[in-house]
Structures are given as structure tokens and as C-alpha cells.
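Biologist: Hey, got a minute to walk me through this one? I'd like to start with the DNA side of things.

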2 protein chains.
Amino acid sequence: MISQKAKYALRALLALAEAGVGQSMQISDIADGQRIPRKFLEQILLDLKHRGLLSSRRGKNGGYALLRAPDLITVGEVLRLIDGPLAPLPCLSRMAYRRCEDCDGEDDCRIRRVFAEAHRANTAVLDATTLADMSGGSAHHRILGAG
Amino acid sequence: MISQKAKYALRALLALAEAGVGQSMQISDIADGQRIPRKFLEQILLDLKHRGLLSSRRGKNGGYALLRAPDLITVGEVLRLIDGPLAPLPCLSRMAYRRCEDCDGEDDCRIRRVFAEAHRANTAVLDATTLADMSGGSAHHRILGAG
DNA sequence: TTATTTCCTATTAAGTCGGTAGAGATTGTC
DNA sequence: GACAATCTCTACCGACTTAATAGGAAATAA
């Protein structure tokens with residue numbers, strides 16, 4: 001299961017994407033519109049800003065805006081920012097690789113193989129689907145053919 | 001990430017699969033051979049027994065054995081037994097379906113769509129790969145073509 | 001009767017999840 | 001300059017999960 005936080009992040013980013021790339025929205029507007037707890041959303045947006053996805057302005061007429069076009073932000077990227085690695089095993093993660101401790105016996109890599117393939121299939125979808133794709137209505141894609 | 005418990009379960013089941021369908025192994029043998037904490041493995045095997053995957057005998061010469069042939073036990077099944085639903089969203093789960101609370105706004109299903117496709121790709125692999133496939137060396141499959 | 005082995009329940013320490021609280025910093029307006 | 005609006009930051013909270021550990025009860029074989 002993806003976290004509630006990641007769902008909120010995607011909903012908020014979709015709202016910002018539909019507002020337009022330069023256009024800013026305030027936390028409260030997004031929170032109200034998407035029915036997301038306001039203070040919780042504050043943390044999420046701040047995080048997304050620190051990670052380079054959003055810009056912000058303080059004070060009156062402040063708000064957040066996308067720094068990149070919606071077709072350049074993938075679901076996979078957002079998920080990794082918020083929830084951490086997508087990989088089912090540390091030894092398959094590109095963002096948090098760790099050698100498998102358990103696997104020095106020969107059976108270790110039998111487990112790795114199946115999860116490597118599942119992971120590849122999973123991220124092929126998530127990394128190919130952008131905010132623009134989600135908004136647009138078709139399930140995806142930048143890269144893949146028809147679903 | 002899949003849980004440590006699920007990794008232990010898969011390793012234990014692979015050990016039992018290689019012992020043979022009728023053949024039993026004792027907790028200690030599996031624990032030693034796979035370097036799994038013994039008392040933890042007890043819980044896991046007991047759980048797998050209660051869920052119908054294993055049979056057991058107590059007392060001297062006791063042990064656990066597979067109730068089904070290794071080519072009839074999929075990775076997906078084991079994962080669901082140990083870790084619970086594989087679905088990224090409750091509204092996509094076959095074993096723990098719940099309507100999405102957040103999704104009554106129209107954007108709700110934009111999120112669902114992309115995760116539905118990722119989930120399908122993921123489980124296509126996990127539900128097609130059996131213990132026998134894992135043992136055998138090829139990544140999979142009963143159903144799919146070549147990897 | 002005794003040793004062996006599975007069965008079952010409770011407990012624990014550490015971490016995660018989802019959220020709340022409140023004060024501080026910055027900006028626009030009067 | 002005062003003031004209100006808004007983002008920024010840190011701390012905190014209760015409930016839950018994870019990965020074990022502990023210890024005794026029940027069953028079986030010799």
C-alpha cells in the first residue's frame with residue numbers, strides 16, 4: 001500500500017498541475033479543494049519544495065507552484081520522494097541500494113530474480129506515467145504503447 | 001519493501017520444496033540451514049500451517065512438510081499470506097477491498113488508474129511465478145512467455 | 001517416563017504513520 | 001510602522017507495525 005501522505009501529495013500536485021505551471025495556489029485552497037488536513041499538507045508541500053518540485057512565496061498572496069511541466073513529473077518520482085524506495089528488496093533499489101545480507105547462501109538470488117522482474121514491471125508503469133498523463137485521462141504514457 | 005518475515009517464509013518454503021512434497025523438515029534444520037532466527041521461524045511456519053500451506057507433526061521425528069506441489073504455490077500467494085494485500089490502494093485489493101474514501105471528487109480515479117495498471121503488471125509476475133520456478137532457475141513461469 | 005518437537009500466547013524495543021501544535025520568518029497593504 | 005496573511009520549521013502525540021524473544025503447554029516416539 002502507498003501511504004496516505006503519497007496520495008495527498010499526488011492529489012495536491014494534480015491540483016497544481018491543473019492550475020498551470022507558473023500559477024500558484026495556497027495551501028488552504030488545495031487543502032479545502034482536496035479535503036486534505038491542512039497542517040499535514042503544509043508538511044508535504046514543504047517537503048516537495050525542499051526536494052525541488054515546487055517553488056513558493058510567503059506572505060500575502062503567497063503560495064506554491066510547480067517548477068516543472070506536469071509532463072515531466074512522473075508518479076514514480078513523487079512516490080520515491082514521499083514514501084522512499086519503490087523496490088521490494090534493498091538490493092534492487094536504485095535510490096537506497098544495500099547488499100542482501102541474507103543472500104550469501106545460494107538460494108538468496110532465487111528470491112532476488114522474481115522480485116527484480118516484478119519490480120521492473122511495476123516501475124515501468126510508474127516511471128512512464130506523468131502528472132499530465134493522469135490529468136489527461138489516459139492511464140499513461142510518455143513511452144509505452146497503448147494500455 | 002517486502003517484510004523480513006516474508007523473505008524468511010519464502011526461503012523456508014523453498015527449502016521444503018527442495019526436500020520434496022511429502023518430505024518433512026524440522027524447524028531447527030530449516031532455521032540453521034537458512035540462518036533464520038529459530039523462534040521467529042516457529043511463528044512463521046505455524047502461520048503457514050494454519051493457512052493451509054503446510055502440514056506438521058509434533059514430537060520426536062516431527063517437522064513440517066508442503067501440502068501442495070511447489071509448482072502450485074505462487075510467490076504472490078505466499079506474500080499475501082504473510083504481508084497481507086499486495087495492492088497499492090485498498091480499492092484495488094482483491095483480498096481486502098475497501099472503497100476509496102478520498103476519491104469521490106473526480107480526481108480520485110485518476111490516481112486509481114495508474115496504480116491499477118502498475119498493480120496488474122506487478123501481480124502478473126508474482127502470481128505467475130511458483131516455488132518450482134524459483135528453484136528451477138528461470139525467473140518464471142507457468143503462464144507468461146520468456147522474460 | 002523422558003526427551004523431543006511442535007503449538008500457543010505474551011512481551012518487548014524500536015520504528016513508522018497520520019496528524020496536531022505553536023512559534024518564527026517573510027511579504028503585502030494601510 | 002503596524003498588522004494581517006502566508007509559508008517555515010521543529011516538536012510532539014497516540015496508535016500501530018516489525019522483528020524478534022520468552023516460556024510453558026501439548027503431543028509423540030522410544
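Modeller: Sure, and keep in mind that this is a predicted model. The surface near DNA strand D divides into six nonpolar, 11 polar and 11 charged residues.

Biologist: Which residues come nearest to DNA strand D?

Modeller: Of the 28 residues around that strand, the nearest are A:Ser56, A:Tyr64, B:Lys39, B:Gln43 and B:Arg58. Sugar and phosphate make up 64% of the atoms of DNA strand D that come within 4 Å of the protein.

Biologist: What does the side chain of A:Tyr64 do there?

Modeller: An N or O atom in the side chain of A:Tyr64 is 2.2 Å from a phosphate oxygen of DNA strand D. There are other phosphate contacts too: an N or O atom in the A:Lys49 side chain is 2.7 Å from a phosphate oxygen of the strand, and a polar side-chain atom of A:Gln26 lies 3.0 Å from one.

Biologist: And which elements give two or more residues to that surface?

Modeller: From chain A you get α3, β1 (54-57) and β2 (63-66), and from chain B α1 (4-19) and α3. The one that gives the most is α3(A), with six residues.

Biologist: OK, now DNA strand C. Which residues come nearest there?

Modeller: A:Lys39, A:Gln43, A:Arg58, B:Ser56 and B:Tyr64, out of 29 residues around DNA strand C. By class, that surface has six nonpolar, 11 polar and 12 charged residues.

Biologist: Which element has the largest share of it?

Modeller: That's α3(B), which supplies seven residues. Elements supplying at least two residues include α1 (4-19) of chain A and β1 (54-57) of chain B.

Biologist: How far is the side chain of B:Ser56 from a phosphate oxygen of DNA strand C?

Modeller: An N or O atom in the B:Ser56 side chain is 2.4 Å from a phosphate oxygen of DNA strand C. B:His50 has a polar side-chain atom 2.8 Å from a phosphate oxygen of the strand.

Biologist: What about the bases?

Modeller: Look at A:Lys60: a polar backbone atom of this residue is 3.5 Å from a base oxygen of DNA strand C. Of the strand C atoms within 4 Å of the protein, 67% belong to sugar or phosphate and the rest to bases.

Biologist: Switching topic. How is chain A built?

Modeller: Chain A has six helices and two strands, in the order α-α-α-β-β-α-α-α from the N terminus. Buried residues make up 52% of its 147 residues.

Biologist: Is A:Ser93 buried or exposed?

Modeller: Buried, because its relative accessible area is 7%, and the cut-off for buried is under 20%. A:Ser93 sits in the loop between α4 and α5 of chain A, and a polar atom of its side chain lies 3.3 Å from the backbone nitrogen of A:Met95.

Biologist: How many disulfides are there?

Modeller: Zero, over all chains. As for cysteines, A:Cys91 is buried, with a relative accessible area of 5%, and B:Cys91 is buried at 5%.

Biologist: Last thing, what's the volume of the largest pocket?

Modeller: About 690 Å³. It's lined by 28 residues, and the closest to its centre are A:Met1, A:Leu86, A:Asn122, B:Met1 and B:Leu86.

Biologist: Which helices supply at least two residues of the lining?

Modeller: α4 (75-83) and α5 (108-126) of chain A, together with α4 (75-83) and α5 (108-126) of chain B. By class, the lining has 20 nonpolar, six polar and two charged residues.

Notes: Residues are numbered from 1 along each chain as its sequence is written. Chains are lettered from A and ligands numbered from 1 in the order in which they are written. This is a predicted model: local features need pLDDT of at least 70, side-chain atom pairs count only at pLDDT 80 or more; totals for chains, interfaces and linings use all residues. Side-chain values use heavy atoms; hydrogens and water are left out. On a 1 Å grid over the protein atoms alone, a cavity is a set of points where a 1.4 Å probe fits but cannot get out, and a pocket is an open set with protein on both sides within 12 Å along at least five of seven lines; lining residues have an atom within 4 Å of a point. Grid points are joined across faces, edges and corners, and a volume is the space filled by probe spheres set on the points. Helices (H or I, at least four residues) and strands (E, at least two) are DSSP runs, numbered from the N terminus. Ala, Val, Leu, Ile, Met, Phe, Trp, Tyr, Cys and Pro count as nonpolar, Asp, Glu, Lys and Arg as charged, and the others, Gly among them, as polar. A disulfide is a pair of cysteine sulfur atoms within 2.5 Å. Buried means under 20% relative accessible area, exposed over 50%, partly exposed in between (1.4 Å probe, protein chains only). A residue is near a molecule or strand if one of its heavy atoms lies within 4 Å of it. A polar contact is a pair of N or O atoms within 3.5 Å; within protein, one must be able to donate a hydrogen and the other to accept it, and residues adjacent in sequence count only if both atoms are side-chain atoms.
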